[in-house]
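Here's a quick tour of some side-chain contacts, written for someone who thinks at the bench. Have a look at the sequence and the model, then read on.

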Amino acid sequence: MKRLGLALGLIIVLFVAAALILPSVIPTSTYREPVETAARDALNREVSLGGDIALQIFPQLQIRASDVSIANADGFGEEAFAEMREMRVGVRLIPLLSRRVEITEFVLVEPTIRLAQNRRGNNWTFTAPDGGEAAPAPAAGGGFVRGDGALPIEASFGDVRIENGALHFTDGSDTRSITGLDLNVALPSLDTETRLTGALNADGESLSFTANIGSIRDFFEGRETPVTLGLGGNLARLSFDGRILAGEAVAYEGEIDANIPSLRALAAFAGSPLPAGDNLEAFRTVGTLRGTPGELALQARTLSLDAISGAADLTVNLTGDRPRLTGGLELAELDVNPYLPAVAETQQPTSSGGIPPWSEAPIDLAGLGIVDADLRLTVGRLQFQAIEVTDARLRARLTNSRLEVMLENIGLYEGQGSATIVANNRGRRPSFSLVAGLDGLDAGPFLEAAAGFDKLLGTGDLSLELAAAGDSQAAIMNSLDGSGDFSFADGAIVGINVAETIRNVSRLVSGGDTESEDDDAARTGEQQTTDFSSLTGSFSIVDGQIAQRDLLMLSPLLRIEGAGSVNLPAQSLDYRLRPRAVASIEGQGGNRDLQGITVPIRLRGGFNNVSVGVDTEAVGQALLQGALNNALGSDDATSPRDALRDGLLNAIGLSDESDDEPVDGETTESRPDPAEQFLRGLLNQRRGQDEDQDEPPTDDPQ
């Protein structure tokens with residue numbers, strides 16, 4: 001027994017001595033070539049150990065190699081796919097006998113990996129010598145599954161780190177780089193907490209990160225596992241404190257606090273820059289986050305974007321071609337103006353501060369293709385351009401660059417209504433539509449906010465159905481089609497006093513004088529108004545031309561009919577009002593009653609320079625018609641006297657079939673208005689007769 005013990009001791013001594021001495025006496029070429037050959041056969045790439053190699057067997061197996069490189073795939077250049085200045089790996093031998101892995105050291109010094117992709121494929125897919133994939137893809141449904149026995153070993157890690165690593169990616173047009181990667185992993189055992197810390201520099205941005213996982217074994221075997229994450233840097237600051245839920249699939253939940261100083265900077269860093277603008281900057285959310293690798297759900301107690309703040313319950317699905325956002329938001333206020341397409345610098349207001357011309361600048365709707373969404377939104381106060389909406393409930397659906405917003409309930413300037421707005425960027429050029437209905441609307445502030453129009457006051461109902469297509473404001477206005485109707489009550493038209501206008505025309509007809517030398521027949525100006533009890537009408541729009549033929553305004557003293565057109569592309573209008581007195585202007589009869597004579601008003605000109613005055617042409621026609629009727633004594637259209645009357649009207653150019661077209665060489669502006677001349681002559685003649693009657697007779701010299 002003594003000799004056997006001595007023999008065993010000698011064998012152990014010789015083994016230890018061999019493990020210590022042999023690595024130093026065996027030439028490195030003895031195992032350099034086998035290692036390179038084995039790695040080349042495994043990866044189907046050339047592998048080079050260009051520097052020194054050190055091998056230690058006892059008391060731990062340790063390998064050190066320098067200048068390690070792996071060749072690139074064919075067609076991706078001569079530069080190495082991966083290389084590192086030094087690699088050190090150490091494993092304790094004795095624990096291996098009991099199936100326990102104790103890695104004392106795993107260090108990569110200055111590793112560099114170059115990823116590339118082109119039309120033929122990528123350089124990170126390793127193929128077997130026969131051209132097939134080196135590692136077969138898992139069968140359908142055979143991905144990673146957590147469960148009992150998924151990690152049947154014991155292991156610990158000592159010094160595990162990456163020093164000053166780099167990762168580069170290029171697809172031929174874009175190159176992204178991560179440099180200065182430092183990573184440290186602390187894993188005393190598979191049953192204790194694992195801690196990971198690190199930092200990197202990505203495209204000029206410095207980021208730091210931490211992660212703590214309660215137990216690697218619990219995670220692999222499907223048990224609930226505490227987890228905390230942290231991210232710091234100029235682009236984003238994030239913290240997550242939660243747990244990975246028990247079960248076969250990976251699912252998590254916990255409290256999140258995400259703070260992004262600038263969404264624009266983050267999107268540009270991620271390679272998906274947002275359209276130019278001053279919005280989409282600061283973002284912050286605090287709440288509960290639940291999810292899986294392909295989907296996450298956020299129940300935000302606090303959600304803020306720029307000046308918008310509120311609460312949300314949102315789900316983001318990342319498995320499709322685009323992220324899909326669903327859920328609901330509750331916001332106290334929402335001003336959408338900062339998120340509307342910018343107005344071109346060339347679209348400047350007029351010198352008087354009026355409506356600017358329509359812009360030819362392209363409208364960029366590229367943002368509609370970033371995500372898909374189906375959202376419900378409740379807003380206490382919604383601001384769109386100058387229009388203010390209260391207590392709005394809306395649903396927005398964004399699918400493949402088509403946005404449909406359904407305003408299910410809106411409070412708008414004392415009224416209530418609904419609307420559906422569509423912006424579609426799927427085709428060659430954007431298209432838009434609007435269907436809206438409003439009841440009890442306060443017309444004055446609404447029209448001034450919506451169109452800069454401040455000439456109508458009243459409360460009423462309005463319906464619209466509009467459609468247009470184009471990539472600029474000008475193109476949209478030129479293509480606008482649709483229809484609408486309105487009904488207003490207890491209001492006023494601002495800018496003209498129709499009753500006073502009729503009074504002045506009445507004085508002229510009766511031979512009286514106006515109130516002052518400065519008075520015109522038409523009383524117009526910002527202080528002049530025409531009150532009404534009812535105002536109704538409808539209109540149609542074709543290629544931006546609004547036609548209106550059935551305006552009817554009723555008041556205790558007046559009945560006004562109207563018709564005309566509005567040229568939206570040219571920003572001009574030509575409109576006639578035909579008022580008729582329905583009672584004595586002054587509450588008494590006499591010559592001042594004009595119940596049988598219409599005194600029309602004409603509004604025409606550009607949006608920023610509308611002229612309002614008596615339509616002298618129509619007045620002249622009316623007076624002549626009345627004079628002829630009195631002279632001929634019949635209104636029977638079939639009588640000879642009616643034919644004679646029409647002939648006289650035709651002879652002097654005042655028939656119903658006459659138009660306003662100028663003759664050759666004349667313009668509408670320069671041609672004298674025959675009706676106006678006739679009216680003035682008629683009135684002057686009447687005044688002359690009155691003056692002759694008032695003049696005392698002279699003595700006859702004979």
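## Charges over rings

A quick bit of vocabulary: a charge sits over a ring if NZ of Lys or CZ of Arg is within 6 Å of the ring centre and within 35 degrees of the ring normal. Keep in mind that we're looking at a predicted model here.

With that in hand, take R45: it lies over the face of F81, 5.4 Å from the ring centre. R176 does the same kind of thing with F269, sitting over the face at 5.7 Å from the ring centre.

## Aromatic pairs

There are four aromatic pairs in the structure. In one of them, the ring centres of W124 and F169 are 6.4 Å apart and the planes sit at 50°, so this pair counts as tilted. W124 is in the loop between β7 (121-122) and β8 (154-170), while F169 is in strand β8 itself, so the pair ties together parts that are 45 residues apart in sequence. W124 is partly exposed, at 34% relative accessible area, and F169 is partly exposed too, at 25%.

Then there's F219 with F220, an edge-to-face pair with 5.5 Å from centre to centre and 85° between the planes. Buried means under 20% relative accessible area. F219 has 18%, so it's buried, whereas F220, at 26%, counts as partly exposed.

## A buried arginine

Which strand holds R602? That's β30, covering residues 601-606. R602 has 13% relative accessibility, so it counts as buried. Its partner is D574: the two side chains make a polar contact at 2.9 Å.

Conventions. Residues numbered from 1 in each chain as written. Predicted model: local features only at pLDDT ≥ 70, side-chain atom pairs only at ≥ 80, totals over all residues. Heavy atoms only, no water. Helix = DSSP H or I, 4+ residues; strand = E, 2+ residues; numbered from the N terminus. Buried < 20%, exposed > 50% of the residue type's maximum accessible area, 1.4 Å probe, protein only. Polar contact = N/O pair within 3.5 Å; in protein donor to acceptor, adjacent residues only side chain to side chain. Phe/Tyr/Trp six-rings, centres within 6.5 Å; stacked < 30°, edge-to-face > 60°.
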